[in-house]
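This briefing is intended for a reader who is beginning to study protein structures. Please examine the sequence and the model shown here before reading the points that follow.

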Amino acid sequence: MYLFVNARNIELQKISNTFCSKNCLTEAVDGKLQCTCGEEATAFDWRWQDQSSPNIRMCHEGREVLFHPVYSSGTAAVKGQIPFQQNFHYYWEIKIISKLYGTDVMVGVGTSKVDFEKWQFKFCSLLGIDSESWGYSYHGSVQHNRVRKKYGEQFGVGSIVGVHLDMCNGTLEYFLNRKSLGIAYRGLKGKDLYPMVCSTAAKSCIRVTCSVTKELTMQMMCLKLVMNNPSLYETYKNIPGLSRIFAKRYFWMQPQVSKDAEEKRKLAELDDDVTLSLVDDSYLGNRNKKLRIVHLFSVFDNEEEEQRRRFNEVFDCLEGQVQQELPDKISDAPSTSGGSSSSSSSQDRPKSKLSSKKAFHFCLRPKGSNTSSDNDSDDEKRFKIL
């Protein structure tokens with residue numbers, strides 16, 4: 001979608017993946033978001049390393065970085081204060097609080113061998129330009145050792161990019177608006193890594209909303225197993241208090257169910273419950289034929305009229321068969337008044353239509369109820385068997 005705002009706010013641009021609402025975007029000042037959406041977490045185990053450079057300006061206690069405050073003449077980058085330790089899990093989130101454009105803006109990790117000064121006067125995709133760094137671009141691709149491949153969706157102003165670095169197994173996983181994009185890279189175990197971001201866009205701004213360090217525990221291992229098993233996860237959700245405690249502690253491991261997926265699940269459950277009992281298997285198909293709920297509402301707008309139409313259709317079809325199946329004794333039966341048989345069977349024939357309707361009525365009974373009672377007439381008993 002395209003957003004039109006005034007000069008004080010964010011300019012016209014395409015916004016596809018934003019964690020913030022439209023109001024947040026329209027209330028931006030000098031091209032920067034003023035909201036705190038997605039900043040509920042208060043854990044900050046590391047901050048950006050302060051470095052003296054005209055291309056970088058820091059605020060909010062080293063959590064927010066403004067790249068190229070005046071104009072851009074190349075690529076600027078920052079890294080975390082301390083390296084990551086082995087056998088720990090690290091998760092951090094970076095919120096994009098200004099519009100992104102230009103050559104590249106990237107989020108990722110790298111070793112201490114990455115030379116930032118080498119690229120400060122060149123426009124490039126710095127993270128992943130060599131074998132010492134791994135980056136996720138705002139174009140939706142990942143890069144390492146100059147090998148670029150499609151990975152996820154594009155991100156921009158209002159997006160939250162999450163990074164999960166598993167130093168136990170050496171894997172790097174990215175999240176976009178707290179939805180996992182899958183494992184991007186493996187084989188990082190044993191490396192000396194720092195969190196990093198780089199940008200070529202003038203006045204581009206990012207903010208770290210949380211940075212969490214977790215030691216591998218039995219709880220984390222069990223939770224990971226539960227999250228990968230749908231049946232276990234359903235049981236886990238129904239345990240009072242347990243899911244709430246671990247959702248707060250390991251929120252990046254919780255599966256994110258989109259609204260579209262939830263609606264599809266509800267429609268699937270309704271689809272299993274909605275069935276239509278049909279009268280004649282040989283004529284209309286299966287007796288218990290399932291209907292899509294959307295089709296049911298679109299076809300049966302007038303339920304009473306539709307039932308009348310179906311009744312007449314099936315009755316007309318069966319009427320000829322009913323007439324042939326009626327016993328001859330219905331028309332040739334002796335008269336109750338005179339005690340002698342009637343000589344004109346054609347005068348009694350119209351009475352068979354009444355019997356046809358009775359027969360059709362009994363055909364409507366559910367299967368399994370075709371037994372006769374002593375009070376039923378002969379033709380009623382006959383048509384219960386149809």
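**Briefing: a strand residue, a pocket and the cysteines**

Leaving aside residues up to four places away in sequence, I94 touches W48, V107, S159, I160, V161, V197, I206, R207 and V208. The model is predicted. The points below cover I94 and its strand, then the largest pocket, and then the cysteines.

**I94 and strand β6**

- I94 lies in strand β6, which spans residues 88-96.
- I94 is buried, because its relative accessible area is 0% and the term applies to values under 20%.
- The strand as a whole shows a similar picture: eight of its nine residues are buried, so β6 is largely enclosed by the rest of the structure.
- I94 and G162 are 68 residues apart in sequence, yet their C-alpha atoms are 6.3 Å apart in space.

**Strands paired with β6**

- Strand β15, residues 204-215, pairs with β6 in the antiparallel sense over nine bridges.
- Within β15, the residue opposite I94 is V208, which is also among the residues that I94 touches.
- β6 also runs antiparallel to β11, and seven bridges join the two strands.
- Y91 has H164 in β11 as its bridge partner.

**The largest pocket**

- The largest pocket has a volume of about 520 Å³.
- It is lined by 24 residues, of which H164, E173, K224, N228 and M253 are the closest to its centre.
- Two or more lining residues come from each of β11 (160-166), β12 (171-176), β13 (179-185) and α2 (218-227).
- The largest share of the lining, four residues, comes from α2.
- By class, the lining holds ten nonpolar, eight polar and six charged residues.
- H164 links two of these topics: it is the bridge partner of Y91, and it is one of the residues closest to the centre of the pocket.

**Cysteines**

- How many disulfides does a search of the whole structure find? The search finds zero.
- The closest cysteine sulfur to that of C20 belongs to C35 and is 3.6 Å away; this is too far for a bond, because a disulfide requires the two sulfur atoms to be within 2.5 Å.
- C20 is buried, with a relative accessible area of 7%.
- C59 is likewise in no disulfide, and the nearest cysteine sulfur, that of C205, is 6.0 Å away.
- C59 is partly exposed, with a relative accessible area of 30%, whereas C20 is buried.

Conventions
Residues are numbered from 1 along each chain as its sequence is written. This is a predicted model: local features need pLDDT of at least 70, side-chain atom pairs count only at pLDDT 80 or more; totals for chains, interfaces and linings use all residues. Side-chain values use heavy atoms; hydrogens and water are left out. On a 1 Å grid over the protein atoms alone, a cavity is a set of points where a 1.4 Å probe fits but cannot get out, and a pocket is an open set with protein on both sides within 12 Å along at least five of seven lines; lining residues have an atom within 4 Å of a point. Grid points are joined across faces, edges and corners, and a volume is the space filled by probe spheres set on the points. Ala, Val, Leu, Ile, Met, Phe, Trp, Tyr, Cys and Pro count as nonpolar, Asp, Glu, Lys and Arg as charged, and the others, Gly among them, as polar. Buried means under 20% relative accessible area, exposed over 50%, partly exposed in between (1.4 Å probe, protein chains only). Two strands pair if DSSP finds at least two bridges between them. Contact means heavy atoms within 4.5 Å.
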